Amino acid sequence: MTNILVTGGGGYIGSHACKLLAQAGYTPVTFDNFHTGWHDAVQFGPAVEGDLRDRAAIEGALQQYKPEAVLHFAALIEVGASVADPATYWNNNFLGAMTLFDAMVATGIDKLVFSSTCAVNGDLDGVLIDETSPINPMSPYGASKAAVELMLEGYVRAYGLRAMRFRYFNVAGADPQAQVGEHHQPETHLVPLILQTIQGHRDSLKIFGTDYPTRDGTSVRDYVHVVDLIRAHIAAIDYLDRDTRVPLLCLGTGQGMTVKEIIAAAQSVTGKTVAHEIAPRRDGDPASLVCGSALAQRELGWHPTLSTPEQIIGDAWRWHETGHYAS
């Protein structure tokens with residue numbers, strides 16, 4: 001079977017990638033330092049524990065497993081934490097990516113799918129963010145991802161890498177069979193925070209800002225089911241064999257939802273009330289991020305079929321009820 005190296009395979013998105021890769025007939029090889037990932041999430045193939053900034057470790061994994069491609073998810077992702085500690089984000093996200101790219105060039109592994117974010121675009125209220133949208137990150141997290149994108153463009157031109165960059169924002173939901181799910185420590189993402197509140201693991205949910213220029217005053221995000229998202233990454237592995245003319249695609253539903261609308265959907269799906277309180281806006285949080293995917297639909301034949309709030313919350317709720325990694 002063909003190996004695919006998954007950086008961050010012990011994390012939320014990476015673990016779902018490993019499951020879907022295995023279902024598609026690949027052998028997923030996790031490379032993770034397990035600083036934010038979970039050993040229990042590695043269920044579908046071998047794992048190498050190492051840090052991407054360790055050139056010998058990542059180069060050794062590439063030499064050992066000789067993957068057809070690398071799916072690069074490993075990164076620190078929290079906007080607020082990046083504002084408070086930008087140095088850590090630049091060191092982890094940028095230096096880690098550079099070390100990976102250098103190791104790929106050295107070992108002759110030339111196919112890469114890079115996980116980026118619409119956070120590179122900043123606050124584009126009322127505009128559907130797509131591949132032509134301007135780059136204007138509002139946080140060190142978004143800036144680090146934008147810088148990696150620019151670096152990758154240079155590596156593609158100079159060293160012959162074949163690479164696809166995907167930009168997306170709020171990935172949510174869980175494996176419909178509840179084998180893997182979303183679990184961060186500490187948790188900062190809206191859907192799992194809502195479900196933890198319903199379960200009684202926290203007293204109430206904080207809504208950060210109700211004075212945004214949106215339909216109900218709370219921020220708007222485009223929520224994509226994690227399984228839909230990974231299907232695009234797997235399609236990109238074959239796409240890069242056929243064509244490299246389109247190196248950047250945005251993945252979204254084109255339909256943003258406010259925080260209050262997600263809370264209402266969760267209450268409808270679970271039949272339970274979400275206790276909540278109002279808190280000030282967080283630094284670096286744009287009012288609205290909605291991501292268009294017309295080009296991805298045209299190039300990959302990709303359609304986000306699971307990305308309804310009911311499916312996202314229902315799958316996440318099932319995982320929260322039936323499985324949880326060690327804390």
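Buried means under 20% relative accessible area. I needed that cut-off before the first entry, and I also note that this is a predicted model.

**Entry 1: strand β1**

I looked up how far strand β1, residues 3-7, is shut in. The count is 5 buried residues of 5, so β1 is largely enclosed by the rest of the structure. I then checked its two faces. On one side N3, L5 and T7 are buried, and on the other side I4 and V6 are buried, which leaves both faces of β1 covered.

**Entry 2: the partners of β1**

Which strands pair with β1? I found strand β2, residues 27-32, which pairs with β1 in the parallel sense over 5 bridges. I also found strand β4, residues 69-72, which runs parallel to β1 and is joined to it by 4 bridges. I followed L5 in both directions. In β2 its bridge partner is V29, and in β4 the bridge partner of L5 is V70.

I then traced the chain from β1 to β2. Together with helix α1, residues 12-23, these two strands make a β-α-β unit, and the unit is right-handed.

**Entry 3: the nonpolar cores**

I looked for the largest nonpolar core and found one of 38 residues. Which residues have the most contacts inside it? They are I13 and F166. I listed the elements that each supply at least two residues of this core: β1, α1, β4, β7 (162-168), α7 (226-242) and α9 (294-300). Helix α7 gives the most, with 10 residues.

I took F166 as the residue to examine further. Leaving out residues up to four places away in sequence, F166 touches V113, F114, S115, S116, T117, A232, H233, A236, L249, L251 and L300.

There is also a second, separate core, of 24 residues. Among its members are F31, I58, V70 and L152. I had already met V70 as the bridge partner of L5 in β4.

**Entry 4: a sheet of 4 strands**

I wrote down the order of an open sheet of 4 strands as β6-β15-β10-β13, with mixed pairing. Which strands are at the edges? They are β6 (128-129) and β13 (257-258), each of which pairs on one side only. I checked one pairing in detail. Strand β10, residues 220-221, pairs with β13 in the antiparallel sense over 2 bridges. For V220, the bridge partner in β13 is T258.

**Entry 5: cavities**

How many cavities of 30 Å³ or more are there? I noted 3. I looked up the second largest, which has a volume of about 40 Å³. Its lining consists of H72, A74, A75, N93, F114, S144, K145 and V148. Helix α5, residues 140-159, gives the most to this lining, with 3 residues. F114 in the lining is also one of the residues that F166 touches.

**Entry 6: K272**

My last lookup was K272, found in the loop between α8 (259-270) and β14 (276-279). Is K272 buried, partly exposed or exposed? Its relative accessibility is 39%, so K272 counts as partly exposed. The range for that class lies between the buried limit of under 20% and the exposed limit of over 50%.

I then looked for the contacts of K272, leaving aside neighbours within four places in sequence. They are I198, Q267 and W317. K272 and I198 are 74 residues apart in sequence, and their C-alpha atoms are 6.6 Å apart in space.

Note on methods
Residues are numbered from 1 along each chain as its sequence is written. This is a predicted model: local features need pLDDT of at least 70, side-chain atom pairs count only at pLDDT 80 or more; totals for chains, interfaces and linings use all residues. Side-chain values use heavy atoms; hydrogens and water are left out. Buried means under 20% relative accessible area, exposed over 50%, partly exposed in between (1.4 Å probe, protein chains only). Two strands pair if DSSP finds at least two bridges between them. A crossover is right-handed if, with the strands pointing away from the viewer, the path from the first strand over the helix to the second runs clockwise. A nonpolar core is a set of buried Ala, Val, Leu, Ile, Met, Phe, Trp, Tyr and Cys residues joined through side-chain atoms within 4.5 Å. Contact means heavy atoms within 4.5 Å. On a 1 Å grid over the protein atoms alone, a cavity is a set of points where a 1.4 Å probe fits but cannot get out, and a pocket is an open set with protein on both sides within 12 Å along at least five of seven lines; lining residues have an atom within 4 Å of a point. Grid points are joined across faces, edges and corners, and a volume is the space filled by probe spheres set on the points.
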